[in-house]
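Me: I have a structure here that I would like to talk through with you. Could we take it step by step, from the overall fold down to single residues?

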Amino acid sequence: RMFELGYKVTDFMSDAEFKKRTMRRADERRRQRRPFLLIDPIDRMYPNGFIGRGMLGLILAFLKAGKSLALDWVALSLMWQEKNVLLFTLEDPQSEVEDRLDAAITHLPISSLGMTPIKLRKRFERMRQTMHGRLKVIDGTEGGMSVRRMAEIWERERNLGFIADGVLCDYDDEVEPPRSHKERRFEFADIYREYGQFIRKRGLYGWMAAQANAKAEGKRIIMASNSAEDIGKIRKATITVGIGDGEWGENSKYLSIVASKIGPQKIGCNIVNDYKKGLFYDRDATLERMAQEDGGRTNRSRK
């Protein structure tokens with residue numbers, strides 16, 4: 001009818017049109033709503049969600065401080081919120097990534113995955129019903145992975161029926177720059193510029209992991225000045241999360257909001273990890289410790 005007349009007439013006050021508008025707005029709200037990180041103390045700081053579509057999240061930590069495990073958690077948090085994820089692993093072997101994810105999903109120790117196949121299968125099947133088909137891991141450890149190639153892989157997967165909402169990359173130092181420069185910081189600038197353009201163009205939740213410099217070793221609070229090679233990557237990120245040493249013992253980390261364009265920054269919190277089970281965030285243990293801390297403060301204030 002619209003093609004015949006050259007215009008479209010809408011009966012604005014009709015019940016049918018009102019229902020169509022209501023459904024459209026609900027769909028727009030679902031698409032625009034920012035997912036939570038599913039780390040309770042962080043979500044309390046960001047009650048409207050964390051990284052939204054077209055935004056870039058950066059994880060910053062010193063060597064072997066949990067960057068990869070944190071990125072695995074981000075992938076799982078998106079999946080639990082019904083988002084499809086492409087996880088590019090450029091440093092760790094795919095078998096290691098698979099073991100961490102299997103352990104995190106089933107809450108079994110990584111060391112026992114091969115010894116308890118029946119229990120692993122039962123627990124995995126329960127979770128697979130919820131997160132079926134929401135994650136694809138891209139092994140780029142052989143090198144040559146650029147942002148342009150990531151975009152091509154995203155396009156190919158979309159054409160095959162898998163439309164990724166989030167694209168996560170571990171880690172930036174293994175990404176091939178579009179051109180060579182004498183100074184590494186200029187190559188990082190090109191990488192982050194291309195990555196930002198890619199996620200904005202496709203409306204994706206973008207995440208990248210980066211290594212902090214040696215001054216971050218043993219620190220609780222990670223700062224912008226701890227960014228290795230180039231502080232410019234922090235300016236390009238929407239939110240930068242630093243991973244430092246926690247105050248609750250060996251199995252804890254301190255998460256710093258190093259910089260943020262959409263919420264509070266230069267604040268942080270302690271969390272409990274369970275690396276044996278591939279869990280960057282052990283929710284039960286963290287909430288228990290938070291309650292203990294809060295109870296201690298309450299008792300001291302009463303005195």
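What follows is a set of questions and answers on this predicted model.

Me: Happy to start broad. How many helices and strands are there in the protein?
Reply: The elements are numbered from the N terminus, helices and strands separately. Counted that way, the protein has 10 helices and 8 strands.

Me: What is the radius of gyration, and how does it sit with the globule rule for 303 residues?
Reply: For 303 residues the globule rule gives 19 Å. The C-alpha trace spans about 75 × 60 × 45 Å along its principal axes. The protein is as compact as a globular protein of that length, because its value is close to the rule: the radius of gyration is 22 Å.

Me: Which helix gives the most residues to the largest nonpolar core?
Reply: That core has 39 residues, and among the members that touch the most others are Ile39, Phe50, Trp207 and Phe280. One helix, at residues 67-80, gives 9 residues to this core. The top contributor is helix 4.

Me: Let's look at Ile39 in that core. Which residues does Ile39 touch, leaving out those up to four places away in sequence?
Reply: Ile39 is one of the residues that touch the most other core members. A contact here asks for heavy atoms within 4.5 Å. With sequence neighbours up to four places away left out, the partners of Ile39 are Trp73, Leu255, Ile271, Phe280 and Tyr281.

Me: How many residues are in the second, separate core?
Reply: This other core includes Leu58, Leu60, Cys169 and Ile191. It is separate from the one described above, and its size is 34 residues.

Me: Is Lys233 buried or exposed? And which side chain makes a polar contact with the side chain of Lys233?
Reply: Lys233 has its place in helix 9, residues 232-236. With 2% relative accessibility, Lys233 is under the 20% cut-off and therefore buried. Its side chain makes a polar contact at 2.8 Å, and the partner is the side chain of Asp172.

Me: Not far along the numbering from there, which peptide bond is cis?
Reply: The bond in question has omega near 0°. One of its residues, Tyr171, lies in the loop between strand 4 (166-170) and helix 8 (184-202). Most peptide bonds are trans. The cis bond is the one from Asp170 to Tyr171.

Me: Turning to helix 5, what does this helix reach from its first C-alpha to its last?
Reply: Helix 5 covers residues 94-106, which is 13 residues. At 1.5 Å a residue the expected span is 18 Å. The model is close to that, with a reach of 18 Å.

Me: What phi does the residue just after helix 5 take?
Reply: Helix 5 has buried residues that include Ala104, Ile105 and Thr106. Just after the helix comes His107, whose phi is positive, at about 60°.

Me: Where is Glu82, and is it buried or exposed?
Reply: Glu82 is found in the loop between helix 4 and strand 2 (85-89). Glu82 is not a glycine, yet its phi is positive, about 65°. Its relative accessibility is 59%, over the 50% cut-off, so Glu82 counts as exposed.

Me: And Lys266: what is its relative accessibility?
Reply: Lys266 lies in the loop between strand 7 (252-260) and strand 8 (268-272). Lys266 has a positive phi of about 55° although it is not a glycine. Lys266 counts as exposed because its relative accessibility is 69%.

Me: Strand 7 also holds Ser252. Which backbone nitrogen lies 3.1 Å from a polar atom of the Ser252 side chain?
Reply: At 3% relative accessibility, Ser252 counts as buried. Beyond four places in sequence, Ser252 is in contact with residues including Asp245, Ile271 and Asn273. The backbone nitrogen at 3.1 Å from its side chain belongs to Trp248.

Me: One last residue. Which backbone oxygen lies 3.1 Å from a polar side-chain atom of Arg21?
Reply: Arg21 has its place in helix 2, residues 15-32. At 13% relative accessibility, Arg21 counts as buried. The backbone oxygen 3.1 Å from its side chain is that of Phe12.

How values were computed. Residues are numbered from 1 along each chain as its sequence is written. This is a predicted model: local features need pLDDT of at least 70, side-chain atom pairs count only at pLDDT 80 or more; totals for chains, interfaces and linings use all residues. Side-chain values use heavy atoms; hydrogens and water are left out. A nonpolar core is a set of buried Ala, Val, Leu, Ile, Met, Phe, Trp, Tyr and Cys residues joined through side-chain atoms within 4.5 Å. Buried means under 20% relative accessible area, exposed over 50%, partly exposed in between (1.4 Å probe, protein chains only). Helices (H or I, at least four residues) and strands (E, at least two) are DSSP runs, numbered from the N terminus. A polar contact is a pair of N or O atoms within 3.5 Å; within protein, one must be able to donate a hydrogen and the other to accept it, and residues adjacent in sequence count only if both atoms are side-chain atoms. The expected span of a helix is 1.5 Å times one less than its number of residues. The radius of gyration is taken over C-alpha atoms; the globule rule is 2.2 Å times the number of residues to the power 0.38.
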